[in-house]
Amino acid sequence: MTPQELASAIARIATDVVAARGLDLVVTENDTQVDRPKNREHGDWASNVAMKFAKRLGVNPRELAQDIASAAESIDGVAKAEVAGPGFINITLDAASAGQTARRAVELGEQYGRSDVLAGHRINMEFVSANPTGPLHMGHTRWAALGDSTARVLRAAGAEVVNEYYINDAGAQMNKFGRSVLAAALGEDAPEDAYPGAYIQTLGARVREQIPNLQELAAQDRDAALEQAQELAYQLQLAEIKDSLERFNVHFDVYYSERTLHTPGPDGAPSPIEAAVDRLREQGHVFEEDDAIWVRTTDFGDDKDRVFTRGNGVYTYFAADAAYYLDKMDRGFTEKIYLLGADHHGYIGRLTAIAGAAGDDVETGISVLIGQLVNLDGARLSKRAGNIIELDDLLEWLGTDALRYWLARYPADSPLALDGEKLRSRSNDNPVFYVQYAHARSCAVARNAAVAGIDRSAFAPELLTHETETELLGKLQQYPGIVAGAAELREPHRIARFLEEFAAAFNRWYDNCRVIPLGEEPVTDLHRTRLWLNDAAGQVLRNGLDLLGVSAPDRM
């Protein structure tokens, strides 16, 4: 029995008890969530439901708790239910009921922990979205790990999620990039505002190699040479960004080009950015002033109204943001999540105002998550880029697993200072090593059990009575709720912290309970049942690590 199933049963009982006292009230699972008591002698689970409703019923909380506890003892799998303190209900499961969780985890495999709590949610998850004018750096690394892990957790809770990367491939920064690369390709002095770093010289060499007549073209038509060099360098840099992300185990379903927002539609139809202002005007939020077109975003909490296009006809960044948001709405996303960097707090009001002006529900249609900066001791500046710490260098130094785990281990809104040598260490002080080693240990137990002739041909969960077995089974029961909670709160760090607790519980069980008998002792159903528990633990560790984009090695 999982905590969710127990909470559901208690909710039904509490509804009946409340009704018997003359109050028409439906008690839901949200009212009856159960927690693990700090003192395990108090039972497996505890509920404070009686204290929530006693005042409304005008009764003593302990009296109401006793009514609920008496009925709860009839729940299949509950050994006893007792009232404690001011009105807590402590519930103890029978060993067989608790042990069934191990079988369920093994049989469900990769599906264990997944649910449909967010079924029907169609979510666009936009993150990283770095300019394609240089390599990804350490700041992007944190957003990549958090964004991808959040998307994985949302999918595990039943949501349909599209990972999207918005390519800022229009505007002044792209022209600056193109001029920088062209100068490098032609062997000229860099422009005064050129992008720094040896990677520009590398791109210039590749452009010169793939456009052999670039020198002649530049002499005849500098603008044409710039256009070709810029486009090729852009494609090369974007390909490198995609490759870096894939090696970081971060996958995007859509790479959305900002340039498409400025591209006219078929048969002379307006571009998306041109059409956006008409759509917002229809909503009644557009006005003209000072030879410019404005959107009255202050109606939706923004600190000032925003310019859509100035008198010279040039569209602002806000215009592109608005057109892009409308495009996401048109693609049917019920929620748009933006994961932005620490310097983007001003975007919260702007994006929320766009959602409101577009007619979307600002409470449910949009979420803006702001991440904080990360500092990594021992990291070296890129030899290619000079002034940044590159993702590729971090991967070479620390590896994907350590980076993914540590970056997902903390809430997005907390500043993060990491110790590079600790990330590299193979000791129990390194959480990712600790969790992965627990998984490898479970695999070793399974291999050794097979050699000893122990299989899962019998399952007698009532035999799992050791205190470390009770603890480990409790953790197994908690896992689906942990995943659902992490999804609803958009907090993948909850998975990492749970895995560390789970690994600790597994190690305590491993130290106390043998799957393989000693010496000439016979193999019994207890050993076979413990193999189920071992394999269930390995499955949960695998499933949880996968939600963080981290591998689960079977040998270490």
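Analyst: Two strands pair if DSSP finds at least two bridges between them; helices (H or I, at least four residues) and strands (E, at least two) are DSSP runs, numbered from the N terminus. This is a predicted model, in which local features need pLDDT of at least 70 and side-chain atom pairs count only at pLDDT 80 or more, whereas totals for chains, interfaces and linings use all residues. Residues are numbered from 1 along each chain as its sequence is written, and side-chain values use heavy atoms, with hydrogens and water left out.

User: Why are β1 and β3 called paired?

Analyst: Three bridges join β1 and strand β3 (residues 88–93) in the antiparallel sense. The criterion is at least two bridges, so the two strands pair. Within this arrangement, Trp45 stands opposite Ile91 in β3.

User: What makes β1 and β2 edge strands?

Analyst: The open sheet has three strands in the order β1-β3-β2, with antiparallel pairing. Both β1 (45–47) and β2 (78–84) pair on one side only, and these are the edge strands. From one strand to the next the twist averages 25°, where axes are lines fitted to C-alpha atoms (for helices over the stretch in contact) and angles run from 0 to 180 degrees between N-to-C directions.

User: Why do β7 and β9 each have a side without a neighbour?

Analyst: A second open sheet of three strands has the order β7-β8-β9 and antiparallel pairing. Because β7 (286–289) and β9 (306–309) each have a single partner strand, one side of each is left without a neighbour in the sheet. Neighbouring strands here are turned by 40° against each other on average, direction ignored.

User: How do you know that β8 and β9 pair, and which helix packs on this sheet?

Analyst: Strand β8 (residues 292–295) runs antiparallel to β9 and is joined to β9 by three bridges, against a requirement of at least two; the pair therefore qualifies. Trp294 has Val307 in β9 as its bridge partner. Helix α11 (residues 317–330) packs on the sheet and touches β8 and β9, contact being heavy atoms within 4.5 Å. The direction of α11 makes about 85° with that of β9.

User: Why is β10 described as mostly covered?

Analyst: A residue is buried under 20% relative accessible area, exposed over 50% and partly exposed in between (1.4 Å probe, protein chains only). In strand β10 (residues 335–340), six of six residues are buried, so the description follows. Glu335, Ile337 and Leu339 point one way, while Lys336, Tyr338 and Leu340 point the other way.

User: What makes β4 and β11 partners of β10?

Analyst: Strand β4 (residues 122–126) shares four bridges with β10 in the parallel sense, and strand β11 (residues 366–370) shares five, also parallel. Both counts satisfy the criterion, so both strands pair with β10. Met125 is bridged to Ile337 in β10, and Tyr338 to Val368 in β11.

User: How do you know that the two faces of β13 differ in burial?

Analyst: The side chains of strand β13 (residues 416–419) alternate: Leu416 and Leu418 point to one face and are buried, whereas Ala417 and Asp419 point to the other and are not. Strand β12 (residues 374–377) pairs with β13 in the parallel sense over four bridges, with Ala417 in β13 as the bridge partner of Asn375.

User: How many residues does the chain have, and what share is buried?

Analyst: The chain has 556 residues, of which 53% count as buried. Its secondary structure comprises 19 helices and 13 strands.
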